[in-house]
Amino acid sequence: MSNGKVVKDVMIGIFEYPHVPYWFSISQAVRIVKVSFLSAKKYPDPMAVLVFDEKYNLMGTLTLKDILKGLEPRFLKPSEKAQVPAEDETALSLIWDTLFDKSTKDLGEKPVSEIMSSAKYFVEPGDPVTKAAYLMLQHDLVLLPVLEDKKKFVGLVRMIEVFDTISDAVLKE
Amino acid sequence: MELIDREDHQKLYLQLYEILKKKIESSEWAIGSQIPTEEELCKLFNVSRATVRTAVLELVRQGYLKRQQGKGTFIFRNMISEGLTMLTSLRELFFEEDLHFSTNVLARTVMMPVDDMDIRLNIEKDKHIIYIKRMRFIENEPVLLQETYIPYHISPLLLEDDIENNTLFDLFEKKYGIKITKVKNYIEITHLAKDEARLLSLTEGAFAVLLTQYFYSGETLVMYTRSIKRTDRFKFLMELERKSA
């Protein structure tokens with residue numbers, strides 16, 4: 001189903017995405033996102049930052065969604081209030097006002113390692129694209145790291161390339 | 001008051017830098033006093049915040065101004081000694097050349113520039129940087145904490161080199177053919193932050209020597225290093241000779 005394509009045929013370079021060490025604060029990551037994507041008018045899919053440890057091993061990824069969730073305490077600890085039924089309009093309007101308030105600034109000082117999505121699944125450059133597709137769908141991943149010899153981080157697989165490869169096979173007559 | 005000349009082809013920030021420098025050198029702005037905020041300077045000279053920021057950072061880098069976190073920017077000194085030629089060889093200027101050092105690499109990773117690192121390294125804000133943090137020991141005693149920032153494009157392979165047993169200087173010159181032709185050194189006394197104190201086995205707030213170095217190959221800035229050394233282990237030789245008139 002992958003037309004014989006392997007991961008290295010579709011992966012993209014790791015420097016397509018900004019790198020940060022795990023001790024950077026969320027605020028620092030926010031500034032980097034603004035500079036690297038928003039100000040530069042670059043909107044890759046997904047927009048993400050790669051988080052590394054002190055030995056330059058990939059630890060995880062940080063999407064815009066991860067960042068926003070990390071800045072609002074209700075997302076960190078789901079509360080009753082954050083789950084008010086949709087029909088309760090009055091209560092909702094009050095809640096909207098209290099979301100992302102002054103505690104957001106304090107949360108911005110937390111390290112990115114606390115809010116990133118940990119990199120748990122990998123593929124090798126020679127693996128079939130279908131394996132990447134399986135892992136990404138099974139675990140709801142936006143980016144899948146490619147490791148050479150289970151160690152060296154050499155690339156990333158995105159859903160767009162996976163889709164492209166699989167869809168070619170579907171449409172093939 | 002001297003104003004920015006928009007007909008002048010010199011970059012705006014350089015003009016502003018010269019104007020502010022004159023104010024400091026002429027003591028119009030006294031040592032220890034606080035300079036106007038970025039916003040006030042923007043209004044005063046009708047320039048952008050980026051122009052003000054670059055000019056002020058250059059004055060900080062030159063040692064005229066000092067930034068204090070949360071307080072503002074202050075006049076630090078009103079002259080920089082010039083006209084002396086440093087004879088000390090470049091290698092001697094490296095703390096890391098001390099043969100008795102043993103090295104522990106605490107971190108070697110890649111990051112984006114934050115705070116003013118893009119200006120310090122003269123790179124775009126969206127360019128990657130190699131970050132190296134090393135602890136130097138003499139007879140198992142921690143004496144020097146060194147953080148190094150290198151634009152990634154200068155030498156990507158540094159991520160894989162043996163930097164415990166080779167100096168960055170040697171790797172640059174011998175392996176990558178990048179000849180270091182100029183080093184700007186700034187030495188000052190600093191107070192140790194919590195993490196720095198822990199690594200140097202000292203107490204938070206204790207005095208230490210801070211050496212800030214900018215390494216150039218030709219006109220290209222190839223490396224910025226921030227070294228913190230215990231004061232009891234500090235010895236630095238500079239041999240200076242005045243150029244003949």
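How do the residues of the lining of the largest cavity divide into nonpolar, polar and charged? There are four nonpolar, no polar and four charged residues in that lining. Here Ala, Val, Leu, Ile, Met, Phe, Trp, Tyr, Cys and Pro count as nonpolar, Asp, Glu, Lys and Arg as charged, and the others, Gly among them, as polar.

First, some ground rules. This is a predicted model, where local features need pLDDT of at least 70 and side-chain atom pairs count only at pLDDT 80 or more, while totals for chains, interfaces and linings use all residues. Residues are numbered from 1 along each chain as its sequence is written, chains are lettered from A and ligands numbered from 1 in the order in which they are written, and side-chain values use heavy atoms, with hydrogens and water left out.

**The two chains**

Helices (H or I, at least four residues) and strands (E, at least two) are DSSP runs, numbered from the N terminus. Buried means under 20% relative accessible area, exposed over 50%, and partly exposed in between, with a 1.4 Å probe and protein chains only. Accessible areas come from the Shrake-Rupley method with a 1.4 Å probe, and for residues only the protein chains shown count as cover. A contact is a pair with heavy atoms within 4.5 Å.

| Chain | Helices and strands | Buried residues | Accessible surface |
|---|---|---|---|
| Chain A | eight helices, six strands | 43% of 173 residues | about 10,200 Å², 55% from carbon and sulfur atoms |
| Chain B | six helices, 10 strands | 47% of 245 residues | about 13,400 Å², 49% from carbon and sulfur atoms |

Reading chain A from the N terminus, the order of elements is α-β-α-β-β-α-α-α-α-β-α-β-β-α. If you take the contacts with a separation of 6 or more, residues 24 or more positions apart account for 66% of them in chain A and for 58% in chain B.

**The largest cavity and its helix**

Rolling a probe the size of a water molecule over the atoms shows where empty space is left. On a 1 Å grid over the protein atoms alone, a cavity is a set of points where a 1.4 Å probe fits but cannot get out; a pocket is an open set with protein on both sides within 12 Å along at least five of seven lines; and lining residues have an atom within 4 Å of a point. Grid points are joined across faces, edges and corners, and a volume is the space filled by probe spheres set on the points.

The structure has two cavities of 30 Å³ or more, and the largest holds about 60 Å³ of space. Its lining is made of Leu57(B), Glu58(B), Val60(B), Arg61(B), Asp116(B), Ile119(B), Arg120(B) and Tyr214(B). Two elements of chain B, helix H3 (49–62) and helix H4 (117–120), give two or more residues each, and H3(B) gives the most, with four.

H3(B) is mostly covered, with 10 of its 14 residues buried; among them are Leu57(B), Glu58(B), Val60(B) and Arg61(B). Its end C-alpha atoms are 20 Å apart, which agrees with the 20 Å that 14 residues should span at 1.5 Å a residue, because the expected span is 1.5 Å times one less than the number of residues. Right after H3(B) comes Gly63(B), with a positive phi near 95°.

**The second largest pocket**

This pocket holds about 730 Å³ of space. It is lined by 25 residues, and the closest to its centre are Lys55(A), Tyr56(A), Asn57(A), Leu159(B) and Glu160(B). Strand E6 (152–158) of chain A and strand E4 (101–111) of chain B each supply at least two lining residues, with the largest share, four residues, coming from E4(B). By class, the lining has 15 nonpolar, one polar and nine charged residues.
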